[in-house]
Amino acid sequence: MAAVEVRHVMAGDRQKVYDLIADVTRMSEWSPESAGAQWLTGAPGAVGSTFRGDNRRPWVKWSTICTVTVADPGKRFAFAVRAAGRPVSTWEYEIAPRPQGCEVIERVFDQRSLFYKVTSVVTTGLGRRSVRNRRTMEQTLAALARFVER
């Protein structure tokens with residue numbers, strides 16, 4: 001299972017940062033790949049709740065179904081991603097206190113099978129997903145920090 005981790009320190013309150021991250025409907029405000037999200041079942045942000053995540057690249061759009069797996073306010077938020085009924089990845093956001101505010105640690109764990117990795121090249125247009133993930137994760141956390149710090 002391939003994993004990517006990105007860290008970013010920001011001058012923001014842990015709970016406020018958590019609330020922004022756990023409101024997945026706002027992710028497109030920071031992420032260059034997110035095209036939005038919509039809650040499908042359960043209470044928004046609660047463990048077991050599901051949402052549809054819409055994603056985009058310049059020439060392709062796709063959606064996934066996600067289930068919240070961890071919701072520890074002010075500390076950690078995570079969700080499992082599935083597409084076409086198959087596991088795709090797990091995304092996790094850990095928020096640690098720092099003297100300047102907090103550090104957000106964003107992690108993604110790729111859970112695609114070899115077959116799914118090959119076919120997703122066609123659907124997402126990406127050969128090395130981990131390289132793209134690292135770049136977009138860095139951009140996402142930098143944009144989130146700018147929003148929090150303004």
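1. The natural place to begin is the interior. In this predicted model, the largest nonpolar core has 34 residues, and the members that touch the most other members are Val 17, Phe 77 and Leu 144. Several elements contribute to this core: strand 1 (3-10), helix 1, strand 2, strand 4 (60-72), strand 5, strand 6, strand 7 and helix 3 (129-149) each supply at least two of its residues. Helix 3 gives the largest share, which is seven residues.

2. Leu 144 deserves a look of its own. When residues up to four places away in sequence are not counted, Leu 144 touches Met 10, Val 17, Leu 20, Ile 21 and Trp 30. Which residues of helix 1 are buried? Within helix 1, which covers residues 14-22, they are Val 17, Tyr 18, Leu 20, Ile 21 and Ala 22, so a student can find Val 17, Leu 20 and Ile 21 both in that list and among the residues that Leu 144 touches. A general point helps in reading such a list: an α-helix has 3.6 residues a turn, so residues three or four places apart point the same way.

3. The beginning of helix 1 should be inspected as well. Asp 13 caps the N-terminal end of this helix, with a side-chain oxygen that lies 3.1 Å from the backbone nitrogen of Gln 15.

4. Turning to the strands, strand 5 (residues 76-83) and strand 6 (residues 86-98) pair in the antiparallel sense over eight bridges, and in this pairing Phe 79 stands opposite Trp 91 of strand 6. The two strands form a hairpin with two residues between them, and Ala 84, which is in the turn, has a positive phi of about 55°.

5. Strand 6 also pairs in the antiparallel sense with strand 7 (residues 101-110), here over 10 bridges. In this pairing Thr 90 stands opposite Phe 109 of strand 7, and strand 6 and strand 7 again form a hairpin with two residues between them. For a reader following side chains along these strands, it is useful to recall that in a regular strand the side chains alternate between the two faces of the sheet.

6. Is Arg 107 buried or exposed? This residue of strand 7 has a relative accessible area of 13% and is therefore counted as buried, since the cut-off for that word is under 20%. The side chain of Arg 107 makes a polar contact of 2.7 Å with the side chain of Glu 5 and another, of 2.5 Å, with that of Glu 92. Apart from residues up to four places away in sequence, Arg 107 touches Val 4, Glu 5, Arg 7, Thr 90, Trp 91, Glu 92, Glu 94 and Met 137.

7. The charged side chains form the next topic, and the general idea is that side chains of opposite charge can pair when their charged atoms come close. The structure holds 10 salt bridges, one of which joins the side chains of Arg 76 and Glu 92 at 2.9 Å, N to O. Because Arg 76 lies in strand 5 and Glu 92 in strand 6, this pair ties together parts that are 16 residues apart in sequence. Arg 76 is partly exposed, with a relative accessible area of 32%, whereas Glu 92 counts as buried at 10% relative accessibility.

8. Glu 92 has a further partner, for its side chain also meets that of Arg 107 in a salt bridge (2.5 Å, N to O). This pair links distant parts of the chain, with Arg 107 in strand 7 and Glu 92 in strand 6, 15 residues apart.

9. Arg 98 forms a salt bridge with Glu 103, and the closest N and O atoms of this pair are 2.6 Å apart. At 33% relative accessibility Arg 98 counts as partly exposed, while Glu 103 is buried, with a relative accessible area of 10%. Salt bridges that share partners join Glu 5, Arg 7, Arg 76, Glu 92, Glu 94, Arg 98, Glu 103 and Arg 107 into one network.

10. A last point concerns Thr 41, which lies in strand 2 (residues 34-41) and is partly exposed, with a relative accessible area of 40%. With its neighbours within four places in sequence left aside, Thr 41 is in contact with Gly 48, Ser 49 and Thr 50, and its side chain is joined to that of Thr 50 by a polar contact of 2.6 Å. The C-alpha atoms of Thr 41 and Phe 51 are separated by 7.0 Å, although these residues are 10 residues apart along the chain.

Methods
Residues numbered from 1 in each chain as written. Predicted model: local features only at pLDDT ≥ 70, side-chain atom pairs only at ≥ 80, totals over all residues. Heavy atoms only, no water. Pairing = 2+ DSSP bridges. Helix = DSSP H or I, 4+ residues; strand = E, 2+ residues; numbered from the N terminus. Buried < 20%, exposed > 50% of the residue type's maximum accessible area, 1.4 Å probe, protein only. Polar contact = N/O pair within 3.5 Å; in protein donor to acceptor, adjacent residues only side chain to side chain. Contact = heavy atoms within 4.5 Å. Core = buried A, V, L, I, M, F, W, Y, C linked by side-chain atoms within 4.5 Å. Salt bridge = Lys/Arg side-chain N within 4 Å of Asp/Glu carboxyl O.
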